[in-house]
Amino acid sequence: MTYDIGKIFEQFAIYGDYISAAPYGSGHINDTYKVVADQSGTTVDYIFQRINTNIFKEPVGLMDNILRVTTHICGKIHGNEDASRQSLCIVPARDLKPYLVDKDGNYWRAYLFIEKAQTYDVIKNTEQAFEVARSFGNFQKELVDIPGGRLFETIPDFHNTPKRLEALEAAIKADVKGRTKDVAAEIDFVMSRRDEVSKLIDLNAAGEIPERITHNDTKLNNVMIDDATGKGICVIDLDTVMPGLVHYDFGDMVRTSTSPSMEDEKDLSKVYMQFDMFEALLRGYLEAAGDFLTPAERENLPFCGKLITLEIGIRFLTDYLSGDVYFKIHRPEHNLDRCRTQFKLVASIEEQMPRMMELLNNIK
Ligand code: ADP
Ligand code: GN1
Ligand code: MG
């Protein structure tokens, strides 16, 4: 689908003339564009995104969350050196709403472009891992005191792993594309771990770990890394910021920032958890979040990397069996390849679990 971004541009409160737009980034859900405008001879960049409303069914509630979160963070960082690059900043539409609905009913938003920083799809070094975890930990910390009541749940049960398993079981049974017969090994892999999927949800229900405001999509490529300093400068991709457990945030960092390979790598010998990356993540996260975590939260940090990697693998497998209706794919077995990397990583994390626990116990 192509969109007339020039027409969309005219309806945002931007002072300048539209020059160009190009697809941007490697996300699986929304459509992202880098938009270039001319303001009196100076070029200025923006990020435009079409929100995927098949997945985010209530875009108005979602944008209200993002406005609340960015306003709160901007209040905290006000006065910092370089504050304008340390939070996403929504550009309103001409009617001053934080989003625009086009003539076809598509929801669009615009952000100021964060210059001289990048996101990475594969981790480069331990400094980056430390910075990514410190940035997400700091983001959780900044939101501990957000006023205005509970944030809206943009996707209910987003990280409810037992429900994700139920969805897989339903997809196996429905077998709409006749693919179940080809994935017996992957199904066995999940089923032999089924007793573990409810561990965090159960601890929460028993009052042993609290609900907090979390990001819920803490992929490596959702932190902008400053080109000059290598520091994490801004947490982005705020669609799923909502009430959740800290573990799913720390876990997704382990999932996306410890393996030296892409999420869809076909050569599984290249997929494994690098212990030094895990250590850097743990130290970076605890530096930012260590003072608000409870002992029960802390104790489950090693386990959660395994759990969310299993959960996302379950989701890729479910989507493969369902005919690739959720995640964008770029080749026929893309979701199956993604599922296999997740399960390979789960096995690698399992092997290293005793050492991960030992490290945690040795960090003050
Ligand atoms: P998705 O939900 O599809 O992952 P993101 O919001 O993460 O979408 O955006 C996709 C990519 O676009 C990011 O990984 C990042 O590289 C880039 N990006 C997003 N927002 C900005 C921004 N405000 N400034 C600069 N780059 C951005
Ligand atoms: C999706 O939008 P993106 O690419 O940042 C997905 C995440 C998955 C991730 C797997 C709303 O994230 O939950 O972990 O793909 N987002 C949504 O790479 O489902
Ligand atoms: Mg993203």
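Ligand 2 lies between domain 1 (5-115) and domain 2 (126-362), because both domains give residues to the shell around it; the domain bounds come from an automatic or database domain assignment. The model is a predicted one, in which local features need pLDDT of at least 70 and side-chain atom pairs count only at pLDDT 80 or more, whereas totals for chains, interfaces and linings use all residues. Side-chain values use heavy atoms, with hydrogens and water left out, residues are numbered from 1 along each chain as its sequence is written, and chains are lettered from A and ligands numbered from 1 in the order in which they are written.

The protein is divided into these two parts, domain 1 (5-115) and domain 2 (126-362), and the C-alpha centres of domain 1 and domain 2 are 26 Å apart. Their contact, defined by heavy atoms within 4.5 Å, involves 27 residues of domain 1 and 32 residues of domain 2.

Around ligand 2 there are 16 residues, of which Asp217, Lys219, Glu263, Arg315 and Tyr326 come nearest; a residue is taken as near a molecule or strand if one of its heavy atoms lies within 4 Å of it. Polar contacts are pairs of N or O atoms within 3.5 Å, and within protein one atom must be able to donate a hydrogen and the other to accept it, while residues adjacent in sequence count only if both atoms are side-chain atoms. A polar side-chain atom of Glu263 is placed 2.6 Å from an oxygen atom of ligand 2, an N or O atom in the side chain of Asp217 is 2.8 Å from an oxygen atom of this ligand, and His28 contributes a backbone N or O atom at 2.9 Å from an oxygen atom of ligand 2. Of the 450 Å² of accessible area that ligand 2 has on its own, the protein covers 97%, accessible areas being obtained by the Shrake-Rupley method with a 1.4 Å probe, and for residues only the protein chains shown count as cover.

By class, the shell around ligand 2 comprises 7 nonpolar, 3 polar and 6 charged residues; Ala, Val, Leu, Ile, Met, Phe, Trp, Tyr, Cys and Pro count as nonpolar, Asp, Glu, Lys and Arg as charged, and the others, Gly among them, as polar. Helix α10 (residues 301-321) provides the largest share of this shell, 3 residues, where helices (H or I, at least four residues) and strands (E, at least two) are DSSP runs numbered from the N terminus.

Ligand 1 is surrounded by 18 residues, and Gln49, Ile114, Thr119, Asn222 and Asp237 come nearest. The shell around ligand 1 likewise draws on both parts of the protein, with at least three residues from each of domain 1 (5-115) and domain 2 (126-362), and it holds 9 nonpolar, 8 polar and 1 charged residues. A polar side-chain atom of Gln49 lies 2.8 Å from an oxygen atom of ligand 1, whereas backbone N or O atoms of Ile114 and Leu112 lie 2.8 Å and 3.0 Å, respectively, from a nitrogen atom of ligand 1. The protein covers 94% of the 540 Å² of accessible area that ligand 1 has on its own, and the elements giving two or more residues to its shell are β3 (42-50) and β6 (107-112).

Strand β3 also takes part in strand pairing, for which DSSP must find at least two bridges between two strands. Strands β2 and β3 run antiparallel and are joined by 9 bridges, with Val44 in β3 as the bridge partner of Ala37. In the hairpin of β2 and β3, which has 2 residues between the strands, Ser40 adopts a positive phi near 50°. Strand β2 (residues 31-39) pairs in addition with strand β1 (residues 17-23), in the antiparallel sense over 6 bridges, and Asp38 in β2 is the bridge partner of Asp17.

A further open sheet consists of 3 strands in the order β7-β9-β10, with antiparallel pairing; its edge strands, each pairing on one side only, are β7 (117-118) and β10 (232-235). Between β7 and strand β9 (residues 223-226) there are 2 bridges in the antiparallel sense, and Gln118 has Ile225 in β9 as its bridge partner.
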